[in-house]
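Here is a brief report on a protein model. It looks at a surface patch, a lysine and one chain as a whole.

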Amino acid sequence: MLCEKCHQNEAAVHFTEVINGKKKEMHLCESCASELQPEGFSFMPQINFHNFLGGLMGHNVGPGSFTKTATKDLSCEVCGLSEKEFARRGLLGCGECYESFKHTLDSLVKRIHGTNEHNGKLPERSSDRVKLIKEIESLRNQLRQAVEAEEFERAAQLRDSIRDVEKRLEQEG
Amino acid sequence: MALKDTVSRAYSNWMAGSGPENDIVISSRIRVARNMSHFAFPHMLSLEKAEEVIHALTLALENKDLKFSSGHLEVSRMSELSPVERQILVEKHLISPDLLKGHEKKAIALRDDEVLSIMVNEEDHLRVQSLLPGLQLESAWDQVNRLDDELEKTLDYAFSERLGYLSACPTNVGTGLRASVMVHLPGLVHTDQIKGVLNTVSKIGLTVRGLYGEGTEAAGNLFQISNQVTLGHSENEIIQNIVSVTKQLQEREKTARKALYNERRSQLEDRIGRSYGILKYARILSTDEAMKRFSDLRLGIDLNIITDTKPELVTELMVLTRPAFLVSKAGSDMTVFERDVKRAELVRNKLKVK
Ligand SMILES: [Zn+2]
Ligand SMILES: [Zn+2]
């Protein structure tokens, strides 16, 4: 069997990787194999989402409208990456790209994560205002759950807490 | 230089046999992706700009408060290492294979104990990570979180109020957190339950992957479980989800081991004994066979069937017998056959009865 990568040497190394029950096989010669450490054993989830993302993007925009945006040549003003290039590589060029490509990224992020709202850690340096807004969001979520679970006493407490935080937010201006 | 020590030995602290629940969970890893605003993401950076990123991190790591809370992390450029040494860092699970591509832009900051490290200019500017033995995702997160807090005092992170920490790939945006455990599940494999169990796990928002292997069987019966989604949940929620799933897996695995021990005792002891014998006396060992035998040996130790070998030695052997390590021990131009001979020799020496 010939190596799948260079198609020149005899394949000497055979990798099988199973991701979520799907089997992926690779037959490589020694020199290609040494370049390509199978991702699995590195103990780091690095599934190649990039091609997958490109596919999603294509779907997302649809072939017709995609050519339209491409001819408009939408690029990030900060790093210069074009939307087409992002669809091809699956990697953004800089933090600003999230704003530059907001119209496609918003739905893409939602499809990947099921949401568009960060609920995790905030940088210590982020403004008090942001922290308060996030706190209100989290309290509102808890309130919804409390109401659904018919824990009305807790719901009342949560409602008070929300009012308190909202007041603090107003004072922040 | 500390990094030269790191690449000269296979043993790393994450292999310690004393971690909690260590008989099933081999290790726990937390990793967060962080980027600096004012810089394009690594794949867009020139060599000079990439160097500026490394420099900025180096300065941040010299901060007194940071050193006080997280200790000293030494920055090394990947270009200072030989290709074999770089590969060894991958085999020790300290860096990802991605850090080898375009290595002239990349660096690693590593604490001496190899528990805490930062990959620099991989897919993101920083991948801060902690790797501990056993089931210790919470302490791993604690270490990463503290280091991240200190870094953020001097570095300007790319952060959005709505989307959280911004990453090069949208699959990492939000918390940027990837939590994972490496689990050894020979009981579930040998009782043919593994497929169903892993299917269930993959349906609840977690990724399961076998590490090498034939068919649905992972070589060495080692599996990695990690979160799929990084946005929308808090770090704590993500971690607790994996912890609770891991604990359930652990219970299932224990039950399976008990069943094997009670109902197929002779077959079990026979397989373990044969594997131990082969590891001790074989003259030619392929990677695949070695991994399979290591798994049996490890199970034998966990079940007290084998009492004269320590579990951490088995984990160390798994790393020590990987290709780059063998090359570093025996010189480069080895054929596969010579490698298999060398592997058998190394294993024999390590398992020698004293
Ligand atoms: Zn090849
Ligand atoms: Zn950009």
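## A surface patch on chain B

B:Val341 counts as partly exposed because its relative accessibility is 31%. In this predicted model, the residue lies in helix α13 of chain B, which covers residues 336–350. B:Val341 joins B:Ile284 and B:Phe337 in a nonpolar surface patch. The patch measures about 270 Å².

## A lysine without a salt bridge

Is B:Lys106 buried or exposed? B:Lys106 is buried, yet it has no salt bridge. The nearest side chain of opposite charge belongs to B:Asp98, 6.7 Å away. A salt bridge would need the lysine nitrogen within 4 Å of a carboxyl oxygen.

What does the side chain of B:Lys106 reach at 2.5 Å? It is the backbone oxygen of B:Lys101.

B:Lys106 sits in a chain B loop, between α4 (83–91) and β3 (107–111). Leaving aside neighbours within four places in sequence, its contacts include B:Ile54, B:Arg77, B:Met78 and B:Leu99. B:Val120, B:Asn121 and B:Glu122 are also among them.

## Chain A in outline

Chain A has two strands and eight helices. Along the sequence, the order is β-β-α-α-α-α-α-α-α-α. The table adds values for the chain.

| Feature of chain A | Value |
|---|---|
| Buried share of the 173 residues | 43% |
| Share of contacts with a separation of 6 or more that join residues 24 or more positions apart | 33% |
| Exposed area | about 9900 Å² |
| Share of the exposed area from carbon and sulfur atoms | 50% |

Conventions:
Residues numbered from 1 in each chain as written. Chains lettered and ligands numbered in written order. Predicted model: local features only at pLDDT ≥ 70, side-chain atom pairs only at ≥ 80, totals over all residues. Heavy atoms only, no water. Patch = residues over 30% accessible without salt bridge, like charges linked within 9 Å, V, L, I, M, F, W, Y side chains within 5 Å. Areas by Shrake-Rupley, 256 points an atom, 1.4 Å probe, with all protein chains shown as cover. Helix = DSSP H or I, 4+ residues; strand = E, 2+ residues; numbered from the N terminus. Buried < 20%, exposed > 50% of the residue type's maximum accessible area, 1.4 Å probe, protein only. Lys, Arg positive; Asp, Glu negative; His and termini not counted. Polar contact = N/O pair within 3.5 Å; in protein donor to acceptor, adjacent residues only side chain to side chain. Contact = heavy atoms within 4.5 Å.
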